[in-house]
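Colleague: I should like to go through this model with you and ask how its descriptions are justified.

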Amino acid sequence: MEIVFQLLLDALLLSGFYTVLSVGFSLMWGVTGIINLAYGSFIILGAYLSYMIYMAGFDVLLFLPLIFILGFLLGLFFQALFVNRLMGYEPFTILVLTFGFDVVITNLLNLIFKADIRSISLPFENFSLFIADLILPLNRLLVFFFSLISLFALYTFLRYSWTGRAIRAVSLDPVGAQLCGIKPKRVFMISTGIAIGLALFSGGFYAMLQGFTPFESGWLTIRAFLICVIAGLGSVSGLAFGSFILSLFEVFSGFYLGEDWKDVVSLMLLIAFLTIRPRGLFGIRYHEKG
Amino acid sequence: MRKADLILLFLILLLFVLPLQINPYWLRLLTAFIFLSCLSYSHNLLFHFLGYPAFGGVAFFGFGAYTFSILYNHSTPLLLSLLLGGVSSLILSLLISPILMRLKSHYFAIATLAFQLCLMELAQNLEITGGTKGIAFNLPEYSNLIAFYSFLTLLLTLLMLTLFLDRSRLGLTMKAIREDETTALSVGINAVLYRSIAFMVMAFFLGLTGGVFSFWNAYVDASTLFNPMLSVKTFFILTLSLSLPTYGPLLWSFFFEMLFELLWSKFLMLHGLLLGIAIVLLILFFPRGVVWKRS
């Protein structure tokens with residue numbers, strides 16, 4: 001019976017990371033209507049950036065804000081130079097474009113870093129807290145904690161700042177927002193910037209949690225998509241709940257059925273949700289844009 | 001018959017005699033090109049005529065391929081196993097279509113992709129598919145030629161089907177559903193029926209393609225058959241041929257296969273990167289596809 005509590009705790013700790021992982025994807029999808037298939041490779045890019053910082057001998061956690069800013073600039077360029085040019089065309093065009101970027105980034109990383117598994121070892125990697133019979137690995141606890149802080153910051157930004165309100169306005173009603181003097185293209189740029197920034201940022205967490213190679217981007221994108229489908233677009237707390245559901249399924253199926261079946265279970269979950277409730281648990285609408 | 005059709009007919013007849021003259025390398029390249037265009041034309045039945053992007057349609061390709069491989073390895077005759085491969089994919093699509101057909105655009109695209117990845121994981125974990133080891137089989141003599149002509153026959157069938165749909169009342173009906181479903185429903189067109197049938201026909205042809213592919217490849221495993229790169233190549237071609245859906249896939253498959261081969265043979269280390277850059281640039285500069293017609 002104790003193992004159930006341990007698994008629940010594992011799922012809870014994992015869900016913090018998953019929320020940060022999916023929040024950028026959700027933001028970009030909700031505001032610009034784009035499903036960014038390159039999202040996972042941006043996460044891996046972030047992981048390799050943290051790896052470089054780690055190899056240079058600096059503290060990764062201190063440099064995470066810098067990685068976020070770098071990602072923000074990258075996102076601005078990505079939206080302005082590539083995506084904005086295709087906004088009016090067949091929506092599928094952008095899907096293929098982002099996949100092209102996924103191929104480019106993955107192969108670039110493979111050229112530079114080779115396909116070996118890399119990892120970051122934190123100074124307190126092997127320490128764990130013990131509460132009763134439960135084990136709390138410190139690195140996971142740390143990631144969970146920092147995830148909460150960054151999510152809270154994002155929530156505050158979207159809720160109270162002028163830019164954040166403009167982003168939400170465009171996401172709810174692009175035409176209405178335009179009539180109020182908000183420039184959609186600029187909002188698209190900023191939200192993509194934040195999205196890519198968050199992707200790189202969560203890459204840092206990913207590197208702290210487990211080893212990585214350049215070829216994991218596809219699964220990360222699918223996870224982000226899955227969480228957005230479970231949660232629905234337009235709510236950060238909904239995403240947190242969706243992440244918790246996904247991590248519950250992953251942790252429990254990984255333990256009881258074996259690691260090999262974990263991905264099958266999460267994909268079936270995805271198909272089930274798409275069938276039964278495509279707008280998600282907390283979603284405002286099941287919409288099409290573009 | 002239009003002039004373009006005559007040229008096409010001539011080219012296809014040329015393809016029928018060509019393999020007897022060229023060396024194995026070029027035969028392999030030609031087969032790869034025809035294989036890619038079979039994939040594209042199958043997907044195009046749903047994508048062009050009904051506007052449904054089955055991004056993970058490769059799921060049916062892989063399913064048919066596995067059915068073929070298992071049957072053929074248990075000494076079922078070649079043609080029968082090929083046919084059963086197609087039929088099994090059709091049945092699979094019949095089972096899954098009530099689930100997938102409720103979805104639209106992006107949701108449909110990603111749900112089919114998830115379905116594809118799901119089958120990939122299953123195939124890697126099950127006994128009957130040989131797990132991660134895959135299935136290899138003994139091939140008869142001239143297997144390359146048999147595969148080539150099977151692919152060619154398949155391509156010809158798909159091409160004629162596409163041309164027929166493009167010019168017939170049936171095709172117009174389907175396009176009407178794509179353009180405005182509500183209006184189509186109001187004039188008494190059963191949109192769901194047309195869509196499901198197109199979906200199943202697509203799955204059937206993908207299953208056949210899968211069977212021929214496994215025969216040609218002589219070895220199958222999950223990561224080859226359900227490779228997401230196949231979906232991407234297909235939809236890259238289909239996006240580029242948006243403005244010329246009948247001949248476009250053929251021309252672009254040819255161009256793309258040659259480009260891929262060139263990158264592969266000349267820049268082995270860089271080919272993945274260059275391929276990605278090529279995809280990005282082509283989509284960026286030709287978002288509507290390339291118009292070949294004057295006007």
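Modeller: Chain B of this predicted model is divided into domain 1 (47-226) and domain 2 (227-295). The C-alpha centres of domain 1 of chain B and domain 2 of chain B lie 21 Å apart.

Colleague: What makes domain 1 and domain 2 of chain B count as being in contact?

Modeller: Residues are in contact if their C-beta atoms lie within 7 Å; 13 residues from domain 1 of chain B and 7 residues from domain 2 of chain B take part in the contact. On the domain 1 side, helix H2 (24-50), helix H6 (143-167) and helix H10 (222-225) of chain B each give two or more residues. H6(B) gives the most, with 3 residues.

Colleague: How do you know which residues of chain B are given as a "transmembrane region"?

Modeller: This comes from UniProt, in an unreviewed entry, which places the feature at residues 54-72, 78-100, 146-165, 192-215, 235-255 and 267-286 of chain B. In the model, residues 146-165 of chain B are 100% helix and 0% strand, with end C-alpha atoms 29 Å apart. Residues 54-72 of chain B are 79% helix and 0% strand, and their end C-alpha atoms are 28 Å apart.

Colleague: How many residues does each chain bring to the contact between chain A and chain B?

Modeller: Chain A brings 35 residues and chain B brings 36 residues. On the side of chain A that touches chain B, H4(A) supplies the largest share, 14 residues.

Colleague: What is the division of that side of chain A into nonpolar, polar and charged residues?

Modeller: The side of chain A that touches chain B holds 25 nonpolar, 5 polar and 5 charged residues.

Note on methods
Residues are numbered from 1 along each chain as its sequence is written. Chains are lettered from A and ligands numbered from 1 in the order in which they are written. This is a predicted model: local features need pLDDT of at least 70, side-chain atom pairs count only at pLDDT 80 or more; totals for chains, interfaces and linings use all residues. Two residues are in contact if their C-beta atoms, placed from the backbone, lie within 7 Å. Helices (H or I, at least four residues) and strands (E, at least two) are DSSP runs, numbered from the N terminus. Ala, Val, Leu, Ile, Met, Phe, Trp, Tyr, Cys and Pro count as nonpolar, Asp, Glu, Lys and Arg as charged, and the others, Gly among them, as polar. UniProt positions are given in the numbering used here, feature names are shortened, and annotations may be inferred rather than shown by experiment. Domain bounds come from an automatic or database domain assignment.
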